[in-house]
Amino acid sequence: MKRLDNIEEYNNIINNSLVFVIFYNTFHSTMFVKDSYVKRLVENHPEVDFYGVNIDQLSDILEDSEISKIPFISRFENGYEIKQISALATLNELEEFIK
């Protein structure tokens, strides 16, 4: 999973054909280091483009998004957010989400 460091990079990435963006804050950042369902999902699907956004560092994204809970994963296709899921979901729920 590649971390996005600026709003321009974020805007370019979400305009790709299919990407998944994991939104988190500093408090939840440790879940991506430890063994977590999200970490396993990323490792199990190298064919899928996953990106991480720390909203504490890129607060501008909050202005353009409908973020209600942190952490969560958004599915973007051609610049449009198609759906979201909590990053605290079960591994089976996360697997279904990326299909």
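**Warm-up.** Which residue of E5 does Ser74 stand opposite? Ser74 stands opposite Gln84 in E5.

Before going on, note that this is a predicted model, in which local features need pLDDT of at least 70, side-chain atom pairs count only at pLDDT 80 or more, and totals for chains, interfaces and linings use all residues. Residues are numbered from 1 along each chain as its sequence is written, and side-chain values use heavy atoms, with hydrogens and water left out.

**Exercise 1. Place strand E4 among its partners.**

Step 1. Start with the terms: helices (H or I, at least four residues) and strands (E, at least two) are DSSP runs, numbered from the N terminus. Two strands pair if DSSP finds at least two bridges between them.

Step 2. Look to E2 (19-24): this strand pairs with E4 (72-77) in the antiparallel sense over 5 bridges. Val21 has Ser74 of E4 as its bridge partner.

Step 3. Now turn to E5 (residues 80-86), which runs antiparallel to E4 and is joined to it by 6 bridges. The hairpin of E4 and E5 has 2 residues between the strands, and Asn78 takes a positive phi near 50° there.

Step 4. Check the burial, where buried means under 20% relative accessible area, exposed over 50%, and partly exposed in between (1.4 Å probe, protein chains only). Because 5 of its 6 residues are buried, E4 is largely enclosed by the rest of the structure.

**Exercise 2. Find the two sides of helix H1.**

Step 1. List the buried residues of H1: Ile7, Tyr10, Ile13 and Ile14. These cover an arc of only 125° around the axis, which puts them on the same side of H1; the arc is that of the directions from the helix axis to the C-beta atoms.

Step 2. Recall a general rule: an α-helix has 3.6 residues a turn, so residues three or four places apart point the same way.

Step 3. Go around to the other side of H1, where Glu8 and Asn12 are exposed.

Step 4. Finish at the N-terminal end, which Asn6 caps: a side-chain oxygen lies 3.2 Å from the backbone nitrogen of Glu8. A polar contact is a pair of N or O atoms within 3.5 Å; within protein, one must be able to donate a hydrogen and the other to accept it, and residues adjacent in sequence count only if both atoms are side-chain atoms.

**Exercise 3. Work out what helix H2 packs against.**

Step 1. Pick out Val38, Leu41 and Val42, the buried residues of H2 (residues 37-44). Their arc around the axis is only 95°, which puts them on the same side of H2.

Step 2. Follow them inward to their packing partners: strands E2, E3 (50-54) and E4, and helix H4 (91-97).

Step 3. Look at Tyr37, also in H2, which counts as partly exposed because its relative accessibility is 38%. Leaving aside neighbours within four places in sequence, Tyr37 is in contact (heavy atoms within 4.5 Å) with Ala89, Thr90, Leu91 and Leu94. Tyr37 and Leu94 are 57 residues apart in sequence, yet 7.9 Å apart in space, C-alpha to C-alpha.

**Exercise 4. Describe the surroundings of Asn54.**

Step 1. Locate Asn54 in strand E3; at 5% relative accessibility, this residue counts as buried.

Step 2. Trace the side chain of Asn54, which reaches the backbone nitrogen of Asp56 at 2.9 Å.

Step 3. Add the contacts beyond four places in sequence: Asn54 touches Tyr24, Asn25 and Thr26.
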